[in-house]
Amino acid sequence: MSFTDTPAEGAPEGVRLQKVLANAGVASRRVAEEMILDGRVRVNGEVVTEMGSRIDPESDLVDVDGTAIQLDQSKRYVVLNKPTGVVSSMNDDRGRPDLRRYTKDWEERLYNVGRLDAETSGLLVLTNDGDLAHVLAHPSFGVTKVYIAKVEGKVTPQTIQTLTRGIDLEDGHIAADKARLLSSSAEGGGSLVELTLHSGRNRIVRRMLDAVGHPVVDLVRRQFGPLHLGTLPAGRARELTKVERGALLTLARRATDEPSGDQET
């Protein structure tokens, strides 16, 4: 049965689309009705303009103006600015500081999406949405991450070109999606390099910069897909805004429609 069908007898199945949109915080029912009539709402990829349309909020996918809408309110999406010295685990078997301290404010059992090594700080996503976590973490979906690395030595434009052309490591060839020199000191103060990668190989940023002769002194992940670290202090976590959730869910849905191909630090 399609989402616009109703049973031949008995009460109609599903929930009216305008009510679903209102419950999701998109707009009031009145405004949601106008959105539907204007052709701005899609269900499972199809534009819906009929006022009586009903959907199943647990299985149907809804977007407005091309942005995915979160219908399942049991899902939580949290961003953490992981400090250095903390391992990316919910229960470290060696007794090291782990992520449990940052999830105690949420009733749901949250898990980290991918990993940052203990000495790397920055943006880490915590969620109980397994499908979304799979898309974000698996390199075949091509979700990019942006890192700022402070490295030893004076990095040259030629080195930046080498990083984007690619280098051979012990586990295969790897190239940055983008690389940028932010600053470089001739007086031995080191350099700042921005790298964008979708690879998920272990400690890949550190190994790439090592390979071009510039060992990492400090490494921060500033961006993960559409999410930015912004001014979130180290050791603090917050729920994503409605706009951020929409961007993340939209990315995940598009990625599953058009997978790409590779492997985090």
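## Helix H4, salt bridges and a four-stranded sheet

Arginine 207 counts as buried, with a relative accessibility of 18%; the cut-off for that label is under 20%. Please keep in mind that you are looking at a predicted model. Salt bridges are a good place to begin, since the structure holds 13 of them. After those come helix H4, proline 215 and an open sheet of four strands.

**Salt bridge between arginine 207 and aspartate 171**
- The side chain of arginine 207 meets that of aspartate 171 in a salt bridge, at 2.9 Å from N to O.
- This pair links distant parts of the chain, 36 residues apart: arginine 207 sits in helix H5, while aspartate 171 is in the loop between strand S11 (167–169) and strand S12 (172–174).
- The two partners fall into separate accessibility classes: arginine 207 is buried, whereas aspartate 171 is partly exposed at 40% relative accessibility.

**Salt bridge between aspartate 65 and arginine 40**
- Here the closest N and O atoms of aspartate 65 and arginine 40 are 2.6 Å apart.
- Aspartate 65 belongs to the loop between strand S5 (62–64) and S6, and arginine 40 to the loop between helix H2 (29–37) and S2, so their pairing ties together parts that are 25 residues apart in sequence.
- Aspartate 65 is partly exposed, with a relative accessible area of 47%, and arginine 40 is partly exposed as well, at 32%.

**Salt bridge between glutamate 244 and arginine 238, and a network**
- Glutamate 244 forms a salt bridge with arginine 238, where the closest N and O atoms lie 2.8 Å apart.
- Glutamate 244 counts as buried at 16% relative accessibility, while arginine 238, at 26%, counts as partly exposed.
- Elsewhere, Glu170, Asp171, Arg201 and Arg207 are joined into one network by salt bridges that share partners.

**The two faces of helix H4**
- Helix H4 spans residues 157–165, and its buried residues are Thr159, Ile160 and Leu163.
- Why do these residues count as being on the same side of H4? They cover an arc of only 105° around the axis, and this puts them on one side of the helix.
- Turned away from that buried side is a face carrying the exposed residues Pro157, Gln158 and Arg165.
- What do the buried residues of H4 pack against? Their partners are strand S13 (178–184), strand S14 (191–197) and helix H5 (204–211).
- Just after H4 comes glycine 166, which takes a positive phi of about 115°.

**Proline 215 after helix H5**
- Proline 215 is found in the loop between H5 and strand S15 (216–224), and counts as partly exposed at 27% relative accessibility.
- Leaving aside residues up to four places away in sequence, proline 215 touches Lys150, Val151, Glu152, Leu209 and Asp210.
- The C-alpha atoms of proline 215 and glycine 153 are separated by 8.4 Å, although these residues are 62 apart along the chain.

**The open four-stranded sheet**
- The strands of this open sheet follow the order S3-S2-S5-S6, with antiparallel pairing.
- Strand S3 (46–47) and strand S6 (67–68) are the edge strands, each pairing on one side only.
- Strand S2 (residues 41–43) is joined to S3 by two bridges, and the two run antiparallel.
- Which residue is the bridge partner of arginine 42 in S3? That partner is valine 47.
- In general, strands of a sheet pair through backbone hydrogen bonds, either parallel or antiparallel.

Note on methods:
Residues are numbered from 1 along each chain as its sequence is written. This is a predicted model: local features need pLDDT of at least 70, side-chain atom pairs count only at pLDDT 80 or more; totals for chains, interfaces and linings use all residues. Side-chain values use heavy atoms; hydrogens and water are left out. Buried means under 20% relative accessible area, exposed over 50%, partly exposed in between (1.4 Å probe, protein chains only). The arc is that of the directions from the helix axis to the C-beta atoms. Contact means heavy atoms within 4.5 Å. Two strands pair if DSSP finds at least two bridges between them. A salt bridge is a side-chain nitrogen of Lys or Arg within 4 Å of a carboxyl oxygen of Asp or Glu.
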